[in-house]
Amino acid sequence: MEAMRCSVEYLSEFSDCQSYKTHIIQDGTNLLLTSGDSYVLVFHIQQKRVTTVLHFETPVTYVALSDDKLRLYALCESGGLYCIPLPTSSSAFSVNKSTDPVMTKISDDYIVLRNVSLQAVIIVEKILVTLSLHKSVWSFDVYEEPGSKPLHKLACFRVTTVNTHTQHDSLNTTEDLINTDKNRKFLPVLTCIYPAISTSLRAHKSDLHHNLELRLFRLLFGVDASLVNSPVILCGLPDGRICCFPLLLPQTSGPKGEHRSPIKVLQSLEQPIVFIGTCDSGEGGPQCLVAVGQRGKLLLVRSKEADSENKNADYSFNEHSIRGPVLCACVDDKCLFYSSLNDLQALQLTKTSLPEEATESQLPALSSNSLGVCRVVALARPYTNATVEGSAHLLALSLSGKLMQVNLPQGHDKENQSTFSSSQAGQRVKDLLASIGNVWEKAESLKQKLQGKNESLKRLNQVMNVCNLLLNNRGHQREFNMDKQPISCRGVVRWSSLLQKDSLTLTCVLENASTFTLEQGWTLCLQVHPLSQSQECSSRTYSFPFRKLDCGQKLNVTIPIERVDELPVNVFCSLAFTLTALFGASDSSSQSLGVSQHTSIGSISVPLNTLTVDWLDALRLERSFPPGHNSTADTIQAFLRSKGVLTQDSDIAPKSGHCGVVVRVSSELLKSKLHLTATSSAEMCSSVLNWLVSKPDTAELVSVQTQVVCAYSPDGQPVKLLAKEVTLGDFSSEGPLNVLEICVESSSLAAVCGLHHAILRRLQVLLGDRTTNHGHAKPLQAQRLCETVRHVESLYKDLQDAYNQAALGGTTESNKSSEILFRIFLDLRSNPLVII
């Protein structure tokens, strides 16, 4: 394919275009264009700048200009058809002498018609023709063009749609079409053709429409239309049909009196129609009707001369194929210009370049010349410059929003292209270099897009591997402990002092022991959820995004435990990944991949593990702050409120001022589970206490060497932890049983209950591991079992009495029931069962 010697001049640059919504209308030195957004721009070609901007409420899908060029019709996505009056001047638009364009916001007052099914409009002879699609029916509505009065409908013609699947058949021919017009919608094409009667009469017609020689016009559209010189509306439907009807002929009636539809189907290309126009294919004026399909089918309709036998003149339909897909096209006197996005082609339509007859089955491919311009989505009709003899220009709009003026050569037939002068050869080299530059720019753009997609796929693969690893480990929690988990979160509780105020904090350490890297986009989420059901206690969530965490690295974050009366609390640790991070950190890379900055596409959250902070974690082994001044009764009330129990103020504390609880565990069981090597009773007691109060991940390690630990609870009350080994002789039938007693004593009932709960939770976690076999179960003596059952029955009877007294109501009965419940509470904890 031979390239024509032409040059390209960039006039202006706008935003990216949507190919099926881009329209250009040229009127002298002015150009009206829309690129699929809510703006219609008036561009002055000589000044090379935008003079007027018309701003609509919604994106503009179709524009049309009246014959006198005084009114602009704009169809918007909202279904509103606007009619905007334009200022009168020698160029149809007033030239703005200022360098800044005039911005005009178009209100709804300019709407002359509302119809959400409108697809296209055209104005001919002060008659407005609209095309709409509703319930599988194409409707042509004819209106009298409005002046100062509303629209008046003159006629309505309907055509039933045809089911077809040709809209997306060829969208995979080029990669750019896949990226830009994956779900494009093909709009119908409306055009008007006049009969070319004489030069004087043709001068009065608008240059916005085409004209056709009278003989072919009469053969195609009928004698009546040619006699009254009626313009004919031609419509190319997305299903490939080319329909037509005369505009100024009255409607005819059928045999039964019904109105007969004047719509006639000329031909069907079986693919969406892109362009319909006329071209001079011989001597003596326009003699050819041209139609171009989206997949490259070209239809040429010519008239034939009367033969020697004096038969009537006839016409022929010739179909050919050109390289598709075709995005836009236009014609001049002898050439068809069309864009396949990869290149802009020029095809001569003279009789010497095309065969006289062509069968539809063969569809011969025509040879066209490349203009060396790519990514063109809209074309205006070629025009000549009056100041330069023989110069021809073609205005084109690219997919990236660049407005170009393609300067066509003065003669681009093959005879003139056969030889080159030195200046022509130099120009040819420049054109080839310009074409290479365009191809290189496109290749670089495709390379950047491909690199961005590859990076996104690598990030997505990394994220899926991390999620799969965490979910597999979570499904096998019994097989993986905290030391073996590839990605884990540990917690350390510390006391800190700031501005003479002590506060409890939790430092979480996220450790990545896996082979994967946690890149930017991951966030560590910590949700603090109190175990109590009180309405005053609510969960809190803390998020810590981080940039990168390589294999073997750790991330330390600290959160406050704001209220110690909420203890114990669960801290749910999870990792969340924001999906927008797949497209990189820069906005330009995200936009190149088609991701809007204002669109949220969600995130992925994967749980890690759950940490529990209890009273043992918050215990203070050093005397760093004075004891609290709250009374024991106030402390009890605060503890009951933290557990969701609402009570009245009553003195239910023990008279001695101190209370205590005991936990009994088999010594043999503790040695087996804690892997203790202690030989003496005192050494084993100190080892168990050290296991309860130690914080292994802190820098200040505490080593307990005695059987008593004195400390302060989180609420500032002194507490005492004691451990001693006793022998139960009447417990097991096999003989005496060594039992370790863990005692908690304090004047604060809340501290006693909290520490008792923390000790039981640790024993439950320790004994929950069934991997270690500590021996067979101990057989119990029957007498001891009977005593235990009788004791439990007496406690149950006391509990029923407390419920009955509480049901009677009154302050006195409520105090008695509280005393009974408190006594049962102390009895259960001072005489507990033995964990064996």
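Here is a friendly conversation about a predicted model, its cores, a hairpin and a surface residue.

Biologist: Which helix gives the most to the largest nonpolar core?

Modeller: First, residues are numbered from 1 along each chain as its sequence is written. In this predicted model, local features need pLDDT of at least 70, side-chain atom pairs count only at pLDDT 80 or more, totals for chains, interfaces and linings use all residues, and side-chain values use heavy atoms, without hydrogens and water. A nonpolar core joins buried (under 20% relative accessible area, 1.4 Å probe, protein chains only) Ala, Val, Leu, Ile, Met, Phe, Trp, Tyr and Cys residues through side-chain atoms within 4.5 Å. The largest has 75 residues, and the helix that gives the most, with 11 residues, is H11 (residues 749-767).

Biologist: Which residue in E43 is the bridge partner of Val 709?

Modeller: Strands here are DSSP runs (E, at least two residues; helices are H or I, at least four), numbered from the N terminus. Strands E42 (residues 708-712) and E43 (residues 718-732) pair in the antiparallel sense over five bridges, where pairing takes at least two DSSP bridges. Among the core residues that touch the most other members is one of E43's bridge residues: the partner of Val 709 is Leu 721.

Biologist: Why does Val 228 count as partly exposed?

Modeller: Val 228 is found in the loop between helix H4 (223-227) and strand E17 (232-236). Partly exposed lies between buried and exposed, the latter being over 50%. Val 228 counts as partly exposed because its relative accessibility is 44%.
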